[in-house]
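User: I am new to this structure and would like to learn how to read its features one at a time. Please start with the strands.

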Amino acid sequence: MLPKHIKQVQRRSRHLRARKVGLSIMVDSATEVPGRYVVTIRYNPTSDTITAYCSCNWGNHHGVACSHVMAALEMMAAQKGRSLSYWLTEDEARRQRHKRFYLTRGDDAEGVWITSRPTPRANVKPQRIAA
């Protein structure tokens, strides 16, 4: 099951707090009980495929790309100085001209596309070299 309004889900994910606990990532949620979900992520570098599972209701009903998974992936990307965007079709992702990944649950071929780009550095001024 794919989200119909992926950009809205992406916006919501940016307000969630994610932190690594052991091999999993815990993501806080302010809208659902218990308020904390476990996200498990596996990356296959040969096919640039990311398999992600979440313990939320959407994830339990075979949903792909919930806001908790997006928050967890964004946390991991931020550690590498990257920012992510999500797309429903490969054509939309290809038009961005950035590194592409395919996000799926692993149990079927249905998924969404992710593009990764360097995070713009805010307020960074070039330093002058004294001659």
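**Reading the sheet**

Analyst: Strands β5 and β7 run antiparallel and are joined by six bridges. One such pair of facing residues is Leu 84 and Ser 116, the latter in β7. This is a predicted model, in which local features need pLDDT of at least 70 and side-chain atom pairs count only at pLDDT 80 or more, while totals for chains, interfaces and linings use all residues. Residues are numbered from 1 along each chain as its sequence is written, and side-chain values use heavy atoms, leaving out hydrogens and water.

User: What counts as a strand, and how many helices and strands are there in the chain?

Analyst: Helices (H or I, at least four residues) and strands (E, at least two) are DSSP runs, numbered from the N terminus. The chain has four helices and seven strands. Read from the N terminus on, the elements run α-β-β-β-β-α-α-β-α-β-β.

User: In what order do the strands form the sheet?

Analyst: Strands of a sheet pair through backbone hydrogen bonds, either parallel or antiparallel. Here two strands pair if DSSP finds at least two bridges between them. The seven strands form an open sheet with mixed pairing, in the order β1-β2-β3-β4-β6-β7-β5. Its edge strands, each pairing on one side only, are β1 (18-21) and β5 (82-87). From one strand to the next the twist averages 30°; axes are lines fitted to C-alpha atoms, for helices over the stretch in contact, and angles run from 0 to 180 degrees between N-to-C directions.

User: Which sense, parallel or antiparallel, does β6 show with β7, and which with β4?

Analyst: With β7, the pairing of β6 is antiparallel, over six bridges; Tyr 102 has Trp 113 of β7 as its bridge partner. Strand β4 (residues 49-54) pairs with β6 (residues 99-104) in the parallel sense, over three bridges. There, Ile 50 is matched with Leu 103 of β6.

User: Which strands does helix α1 touch?

Analyst: Contact means heavy atoms within 4.5 Å. By that test, α1 (residues 6-13) packs on the sheet and touches β5 and β7 (111-118), its direction making about 150° with that of β5. Helix α3 (residues 67-78) also packs on the sheet, touching β1, β2 (24-28), β3 (36-44), β4, β5, β6 and β7, and its direction too makes about 150° with that of β5.

User: Is strand β5 mostly covered or open, and is Arg 82 buried or exposed?

Analyst: Buried means under 20% relative accessible area, exposed over 50%, and partly exposed in between, with a 1.4 Å probe and protein chains only. Five of the six residues of β5 are buried, so the strand is mostly covered. Arg 82 lies in β5 and falls between the two classes you named, because its relative accessibility of 26% makes it partly exposed. Not counting residues up to four places away in sequence, Arg 82 touches Glu 74, Ala 77, Lys 99, Ser 116, Arg 117, Pro 118 and Thr 119. Arg 82 and Ser 116 are 34 residues apart along the chain, with 6.3 Å between their C-alpha atoms. Across the chain of 131 residues, 42% are buried.

User: How many disulfides are found in the whole structure?

Analyst: A disulfide is a pair of cysteine sulfur atoms within 2.5 Å. A search of the whole structure finds zero. Cys 54 is in none, its nearest cysteine sulfur being that of Cys 56.

User: Why is Cys 56 not bonded to Cys 54?

Analyst: Because the two sulfurs are 3.7 Å apart, too far for a bond. Cys 56 is buried, with a relative accessible area of 2%, and Cys 54 also counts as buried, at 7%.

User: How many cavities of 30 Å³ or more are there, and which element gives the most to the lining of the largest?

Analyst: Rolling a probe the size of a water molecule over the atoms shows where empty space is left. On a 1 Å grid over the protein atoms alone, a cavity is a set of points where a 1.4 Å probe fits but cannot get out, and lining residues have an atom within 4 Å of a point. Grid points are joined across faces, edges and corners, and a volume is the space filled by probe spheres set on the points. The search finds one cavity of 30 Å³ or more, and the volume of the largest is about 60 Å³. It is lined by 13 residues, the closest to its centre being Ala 52, Gly 63, Val 64, Ala 65 and Val 69. Strand β4 gives the most to the lining, with three residues.

Technical notes. 1 Å grid on protein atoms, 1.4 Å probe; cavity = no way out; pocket = protein on both sides within 12 Å on 5 of 7 lines; lining within 4 Å.
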